[in-house]
Amino acid sequence: AARRGDRPLRKVFDGLAAAGIDVDAVVLLGTVNSHRPGVKPYAAHAHDLRRALCHLPSAFGRQSSPVHVRVAEIAEPTIRHSVGPCRAVLADMKPAECLLTFGAGSFALGVGALMAALEADVPATLVPVDDVASAYRLTDLIDPRDRLYDWLLRHRFWDELAELDPDGAEI
């Protein structure tokens with residue numbers, strides 16, 4: 001078993017607390033499919049984690065209200081199957097921002113959660129589990145003007161492109 005400080009949720013909560021970032025709600029993603037008989041699906045483990053977060057503060061260094069800890073049950077570990085359940089949780093919770101952890105779970109579920117946040121127009125911050133202090137917002141990575149540049153270029157709006165980028169106007 002992982003040492004208490006090495007557990008992904010504990011590392012994330014401790015790192016966010018150290019960075020002064022408050023977390024007021026948690027959504028655990030878990031698949032309901034099972035590939036081997038007798039093995040619990042990940043959604044069952046997510047419900048176990050939810051109970052621990054709500055009733056055992058020593059488990060993760062915090063205790064949360066059951067209202068603020070949700071489990072999104074996902075049919076299969078794919079992006080396609082995860083977007084809908086994540087979108088439903090976002091619609092229900094209406095967060096001002098989403099912190100999405102990466103590095104300790106299914107990449108496909110994380111991307112599905114990210115896509116759901118983008119569709120819901122909820123600002124998203126990517127949080128690496130092993131380096132929580134290096135979290136970054138999508139707006140730090142993507143300049144919204146890039147989409148405008150692409151659209152203006154595709155539709156040959158040369159004058160507008162020159163206004164946006166006077167230094168490249170001669171190109």
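The following exercises, each with a worked solution, concern helices and a surface patch in a predicted model.

Residues are numbered from 1 along each chain as its sequence is written. Local features need pLDDT of at least 70 in this predicted model, and side-chain values use heavy atoms, without hydrogens and water.

**Exercise 1.** Determine whether the span of helix H4 (residues 79-93) agrees with the expected value.

*Solution.* Helices are DSSP runs of H or I with at least four residues, numbered from the N terminus. The expected span is 1.5 Å times one less than the number of residues. For the 15 residues of H4 this gives 21 Å, and because the end C-alpha atoms are 21 Å apart, the two values agree. After H4 comes Lys-94, with a positive phi near 50°.

**Exercise 2.** Identify the buried residues of H4 and state how they are arranged around its axis.

*Solution.* Buried means under 20% relative accessible area (1.4 Å probe, protein chains only), exposed over 50%, and partly exposed in between. In H4, Ser-82, Val-83, Cys-86, Val-89 and Leu-90 are buried. Viewed down the axis, these residues fall within an arc of 140° (taken from the directions from the axis to the C-beta atoms), so they line one face of H4. An α-helix has 3.6 residues a turn, so residues three or four places apart point the same way. The cover of the buried residues of H4 includes strand S3 (98-102) and helix H5 (107-119).

**Exercise 3.** Locate Leu-148 and classify its accessibility.

*Solution.* Leu-148 belongs to helix H7 (residues 144-154). Its relative accessibility is 38%, and therefore Leu-148 counts as partly exposed.

Note on methods. This is a predicted model: local features need pLDDT of at least 70, side-chain atom pairs count only at pLDDT 80 or more; totals for chains, interfaces and linings use all residues. Helices (H or I, at least four residues) and strands (E, at least two) are DSSP runs, numbered from the N terminus. Contact means heavy atoms within 4.5 Å.
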